[in-house]
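Reader: Please show me the structure and let me ask how the words used for it are justified.

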Amino acid sequence: MVDYKNYKVWQKSHELVLDIYQITSTFPKSEQFNLVSQINRASLSVPTNIVEGCGRETQKELIRFLYISSGSAHELEYLILVSSELNFISTKDSKTLLKKIDEIKKMLFSLIKTIKKSL
């Protein structure tokens, strides 16, 4: 079992969740159960799957959950893009979030690759 708090990618994805929740709190109320819910769920899924994978018994299981985390990061990327195009997020905030998401995706890919080499 691995302590997820030691992973830089978990730390960054946790910080991203906090940023996302702050930004989605400004969305129109009409999007509360639509886009806001979907964005918040996808953002939470990234660090949550890292945590769940770290709690599993094998490295192969950890890799599987890291792939799920990566999929959620890709989903979140699209949701931020569409939110920006709908003018729910400023261009500046959108660029900042997309940059953070891209960094997390790269970190997940690198971590998966590193763990696979050790198998």
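Author: What follows is a set of questions on terms, each answered from a predicted model.

Reader: What makes up the chain, in helices and strands?

Author: The chain has four helices and zero strands. Along the sequence the pattern reads α-α-α-α.

Reader: Why is the chain called as compact as a globular protein of that length?

Author: For 119 residues the globule rule gives 14 Å, and the radius of gyration of the chain is 15 Å. The value is close to the rule, so the chain is as compact as a globular protein of that length. As for its extent, the C-alpha atoms fill a box of roughly 45 × 25 × 20 Å along the principal axes.

Reader: Why is Leu16 called buried?

Author: A residue counts as buried under 20% relative accessible area. Leu16 has 3% relative accessibility, so Leu16 counts as buried. This residue is found in helix α1. Of the 119 residues of the chain, 40% count as buried.

Reader: What is Leu16 in contact with, leaving aside its neighbours within four places in sequence?

Author: With those neighbours left aside, Leu16 is in contact with Leu76, Leu97, Lys100, Ile101 and Ile104. Leu16 and Ile104 are 88 residues apart in sequence, while their C-alpha atoms are 9.3 Å apart in space. For the chain, among contacts between residues at least 6 apart in sequence, 73% join residues at least 24 apart.

Reader: Why is Asn87 called exposed?

Author: Exposed means over 50% relative accessible area. Asn87 has 67%, so Asn87 is exposed. Asn87 is found in the loop between α3 and α4.

Reader: What is notable about phi of Asn87?

Author: Phi of Asn87 is near 65 degrees, which is a positive value in a residue other than glycine.

Reader: Which residues of the largest nonpolar core touch the most other members?

Author: This core has 30 residues, and Tyr7, Ile39, Leu66, Leu76 and Ile80 touch the most other members. At least two residues of the core come from each of α1 (8-24), α2 (35-54), α3 (59-85) and α4 (91-118). The largest share, eight residues, is supplied by α3. Apart from neighbours within four places in sequence, Ile39 has contacts that include Ile20, Phe27, Leu76, Leu79 and Ile80.

Reader: How many side chains are positive and how many negative?

Author: The chain has 17 positive and 13 negative side chains. The centres of the two sets lie 5 Å apart.

Notes:
Residues numbered from 1 in each chain as written. Predicted model: local features only at pLDDT ≥ 70, side-chain atom pairs only at ≥ 80, totals over all residues. Heavy atoms only, no water. Rg over C-alpha atoms; globule rule 2.2 N^0.38 Å. Buried < 20%, exposed > 50% of the residue type's maximum accessible area, 1.4 Å probe, protein only. Contact = heavy atoms within 4.5 Å. Lys, Arg positive; Asp, Glu negative; His and termini not counted. Charge placed at Lys NZ, Arg CZ, Asp CG, Glu CD. Core = buried A, V, L, I, M, F, W, Y, C linked by side-chain atoms within 4.5 Å.
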